[in-house]
Structures are given as structure tokens and as C-alpha cells.
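Dear colleague,

Please find below the structure that I am handing over to you. My account of what was found in it follows directly after.

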Amino acid sequence: MSFYNRKRNLYEQQVHNKRMTMLVMAGFILFLGLLGFGFDIIMLEFFPLGTLFALALGAGTALWSYNSGAASVIRSTNAYPADPNNPAHRQLINIVDEMTIASGIPRPKIFIVPDKAPNAFATGKNPEDGYVAVTEGLLQILNREELQAVIAHEIAHIRNYDIRLMTIVAALVGAILLLAMMARRAMWFGGGRRSGRGSQGGGGGPVMIIVLVVWIIGIILAPIIANMMAMMVSRKREYLADATATELTRNPNGLISALHKISGSFIKPTAIHRDTAHLCISDPFHLKREQSTGFFSDLFSTHPPVKKRVEALRNMSYQ
Amino acid sequence: MGTIIAIAVAVLVVLWVVTRYNKLIQLRNQTTNGWKQIDVQLKRRHDLIPNLVNTVKGQMEFERETLESVVKARNSALNPTGVADAAMKENMLTGALSKLFALVENYPQLRSNENVKQLQEELTSTENKIGFARQFYNDIATKYNIATQVFPGNIIANMFGFKGAELFEITVQSEREVPKVDLSFKKQ
């Protein structure tokens, strides 16, 4: 997105990102409501059952993953807790402590993911219940300064409540996908019934046809649109976390060189799965795409291209 | 009618005073807490230094002067007289320590010693924690100071004796000292 190339100081960027996130969240809720509403108009015509069902489904999945999402993410990567007697882990624990002091949040639980691909992610529902996980590969290739920058980025995700937002967004995407699938099923069965009734009542006129067309297109495109919105939220949060990380360490260079090292590694992740990718500091599955900066690659990435993140970091001159 | 307006104004003023007062109390406590965080880390550093000196002493017979200056700086840092004094003494200790670490690089046996490595990591981390705790303290103390100084909050601050906090600054004197150490070392 080109407006990120403009020079924006840290605080302006935080405000801007938060506003954008609210907008996208509103978009999600509207989208869920529309999918249900269209169903009401076309299929049922009398009671907002579809709208209510859609919103309830969204709220239900969001609530469920809010309560048990973090633990299941950690479990899915086979992560184990950091061991204070292991020198490398000890350093990691020290660095996490440093960053919790700088940010003023409680110390998150620290996990190591048995994966040679360098990456890190944070999850949890709030700063009091935060998790930071790094891969074994990350501990191997980064020096202390770079590791500190990566941890600062993850702590930033926790402090900015990104962990909660991303968990809920992921759940909403799931709800939209489920709803779209159910709507397609309903068209199979309900469609036939409706055509029979239509011949009796004479149909709903041109407005109904437009609504119907929009709704069908909506259902077909729902998975793509939902994913695009999720990726958009995710990308905003990455810029914001980079900015906050720099606020914590007052050292953009550490993060710049860490991002270069992580995105420069082409080791395929083994323990981190696709549904965890949006939480990671650098998208583990789209390494090539992250190097490019085209508009299309932007739309379908969970993370902004490394080049743009580095550019934004360079613009954050301190003092 | 007049009395009603007067009462309403009085209630508003009292409400405002109460909120300002509570805000100041909150900021003052946060500032004190921030200072304690620095204290915790400083104490940890003071505790680690004797360990380090004892571990490297045997190998570094020739650097007696450096070792002594570290111990001396550490002992004087144990009893600061105030925020500014503590900042100055801690900075001297930081200077002495960084010289010691630079010298350790000259001793391959020490450099590869697991104990020394671990102590070095602990001290590096403690230094960082002191730095970040200081950063956090300065940010919150600045907020507190601004709250006691801006009008009309300063009236409340003066009335109840909120004095503002001293910032943990790097004094000019010790700022000069550190580069001098580095330069003299590079010449060797």
C-alpha cells in the first residue's frame, strides 16, 4: 500500500493502524450480517433468522477461539517450554525479560518450537496471558541484538492486543467460510422450492433480482474477500508491531537485519502449520512473495513485503 | 436559582480537584514503581560483579588495576545519595565493566570458559534491563512531571505537595569518560 511510503512518525502510525483495524473489523461484521440478511430476503422473506444465525455463528466461533485458541496453537506446533539451564534458552529468557521491562507488561510464557526454519510468533488473549514462541532455527541464526528485536516485535503484538485481534479475525474468517458453504447448500435445496413458489406469487421484481445476484456473487467470493480482509488486518498489525518494537528497543537496525536474515532463509518449516502462519514475524510459506512488492502479492499476503517493512523502519528515525 | 448554580459549580470544582488529585497519585506511584524496577536490576548487577571478578581473577593477574577499579566502582555504587548520584556512580561502573569485558577478549581461555560466558550474558542482560528500566522510568516520570507542571493542574500539585521526580540522566562528566576508555584500548 503506497501510503506507507510516506514518512509517518511512530505515534501517527500507531493511531493510523488502530483506525484502519477498527474499519476492517466493522467490515467483517457487516459482511457476516449481509450474508445472513441476503438469505433472509431471498429464502425466507419473513424472519431475520439468517442474519441472527450468521452473527451468532461469528460471535460463537470468536468466543471459542478467544478462550482456547492460544493453547491449541502452541500444542499444534509441538512447542516445549524454554529451559533456563540451557545457555541459548537462558539468553532468550533474559531477552524476553528485558523487553517486558521496556514494555511494562507481565512476562509471557516462553516456548521453543522444534523447527529449523527461523521464525517466531506470539499468541494469547491478553498481556496477562501471553505466549511467545521462537523456533530452534531462529536461535541459531540470530545474534543477541537481532533476537532482541524479534522478541520486541512479538512483545509488541502482545502489548497492542494484536494476539487477541488476530485470534478473533481468524475465527471470523472461519465463520464466513462456514456460512458461505451453508448458503451454497441452501441454494441447492431452497432454490428449487423458491422457483415453485415464485410462479404462484409472481416474484419480487427487479430489486429482488439485483439483491439475488449480489448475494450469489457475495457467497461465491466470500472466501476470497474474507481472506483478503484478514490479510489486510494482519499486514497493518505487522507495521504497527515493527513500530512498537522500535519504540521498545530504540534500535531499528536490529529488526532490519533480523528481517533480512529470516526472509533470506529458505528452509521449509516443519512444525509451523499454515493456520499459524499469520501469527509469525515473517510469513514462513510465502518467502518469494514477501520479496516482491506488487499490488497483487500485497493483497494475498499475511505480511507486508520485507522491503517495505525495512523502508518503514528506516523512516522511523529516532532523535 | 443563584444558589443552585453556585452549588453546581462547587460540585464540579470538587469533582475536578478529586480527579486531578487521583491522577497525580496514580502517576506518582507508577513513577516510584518504575524507580524500584531500576533498583532491582542495579542490585542484581552489584551481586553479579563479585562472581565475575572471582572467576576471571586467576587468569587476569596482569589486569589487577582494571579489576580493582571494577570492584571500587561497584562498592561506591552500593551507597548512592540520590537519583543523580546513583546515575553517575552506575555510569562509572558501566565504564569499568566494559573495559573489563574488552580485556577479557585478550584471554582465549577466559573467552571460551563457559562460566565466564554465562556471567557475561547475565551482566549484558542486566545492563540492558537497567537501560530499559531507566527508559521506562524516564517516560513515566516525564508524564508525572508534566502533570505537576501544566496549568491548572499545578495548583493541585502545589496544594498537596506533589514535587515531581528527578530523571535518570547521563551526566556530562561520565559521558565523557566512556569514549576515553574505548580510545585508549584501541591504541594498544
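Is Val233(A) buried or exposed, judged by the other C-beta atoms within 10 Å? The model is a predicted one, and in it Val233(A) has 27 other C-beta atoms within 10 Å. A residue counts as buried from 20 such atoms upwards, so Val233(A) is buried. This residue belongs to helix H7 of chain A. Its C-alpha atom lies 9.8 Å from that of Lys18(A), although 215 residues separate the two in sequence.

Trp64(A) offers the opposite case. It sits in helix H2 of chain A, which covers residues 49-76. Trp64(A) has 12 C-beta neighbours inside 10 Å and therefore counts as exposed, since the cut-off for that class is 12 or fewer. Between Trp64(A) and Val211(A), which are 147 residues apart along the chain, the C-alpha distance is 33 Å.

The two chains

Chain A contains eleven helices and four strands. Of its 319 residues, 44% are buried. Among the contacts in chain A with a separation of 6 or more, 71% are between residues 24 or more positions apart.

Chain B, by comparison, has seven helices and zero strands. Read from the N terminus, its elements follow the pattern α-α-α-α-α-α-α. Buried residues account for 27% of the 188 residues in chain B. Here 77% of the contacts with a separation of 6 or more are between residues 24 or more positions apart.

Where the chains touch, chain A contributes nine residues and chain B ten residues. The chain A side of this contact consists of three nonpolar, three polar and three charged residues.

The sheet of chain A

The four strands form an open sheet in the order E1-E2-E4-E3, with mixed pairing. Strands E1 (80-81) and E3 (120-124) are at the edges; each has a single partner strand, so one side of each lacks a neighbour in the sheet.

Strand E2 (residues 109-113) pairs with strand E4 (residues 130-135) in the parallel sense, over five bridges. Within this pairing, Lys109(A) has Tyr131(A) of E4(A) as its bridge partner. E3(A) and E4(A), on the other hand, run antiparallel and are joined by five bridges. Ala122(A) stands opposite Val132(A) of E4(A), and a hairpin of five residues connects E3(A) to E4(A).

Strand E4(A) is largely enclosed by the rest of the structure, because six of its six residues are buried. In a regular strand, side chains alternate between the two faces of the sheet. In E4(A), Gly130(A), Val132(A) and Val134(A) point one way, while Tyr131(A), Ala133(A) and Thr135(A) point the other way; all of them are buried.

Helices against the sheet

Helix H3 (residues 87-103) of chain A lies across E2 and E4 of chain A, and runs at about 140° to E2(A). Helix H5(A) lies across E3 and E4 of chain A, at about 20° to E3(A).

How far apart should the ends of helix H5 (residues 144-159) of chain A be, at 1.5 Å a residue? The expected span for its 16 residues is 22 Å, and the end C-alpha atoms are indeed 22 Å apart, so the two values agree. H5(A) is mostly covered, with 14 of its 16 residues buried. Just after this helix, Tyr161(A) adopts a positive phi of about 65°.

The nonpolar core

The largest nonpolar core comprises 106 residues. Those with the most contacts inside it are Leu35(A), Ala133(A), Val150(A), Ile151(A), Leu172(A) and Ile176(A). Helix H7 (residues 205-249) of chain A provides the largest share of this core, 14 residues.

Which residues does Ile151(A) contact, leaving aside its neighbours within four places in sequence? They are Ile95(A), Val96(A), Met99(A) and Val132(A). Val132(A) is also one of the buried residues of E4(A).

With kind regards

How values were computed
Residues numbered from 1 in each chain as written. Chains lettered and ligands numbered in written order. Predicted model: local features only at pLDDT ≥ 70, side-chain atom pairs only at ≥ 80, totals over all residues. Contact = placed C-beta atoms within 7 Å. Nonpolar A, V, L, I, M, F, W, Y, C, P; charged D, E, K, R; others polar. Helix = DSSP H or I, 4+ residues; strand = E, 2+ residues; numbered from the N terminus. Expected span 1.5 Å × (residues − 1). Pairing = 2+ DSSP bridges. Axes fitted to C-alpha atoms, helices over the stretch in contact; angles between N-to-C directions. Core = buried A, V, L, I, M, F, W, Y, C linked by C-beta atoms within 7 Å.
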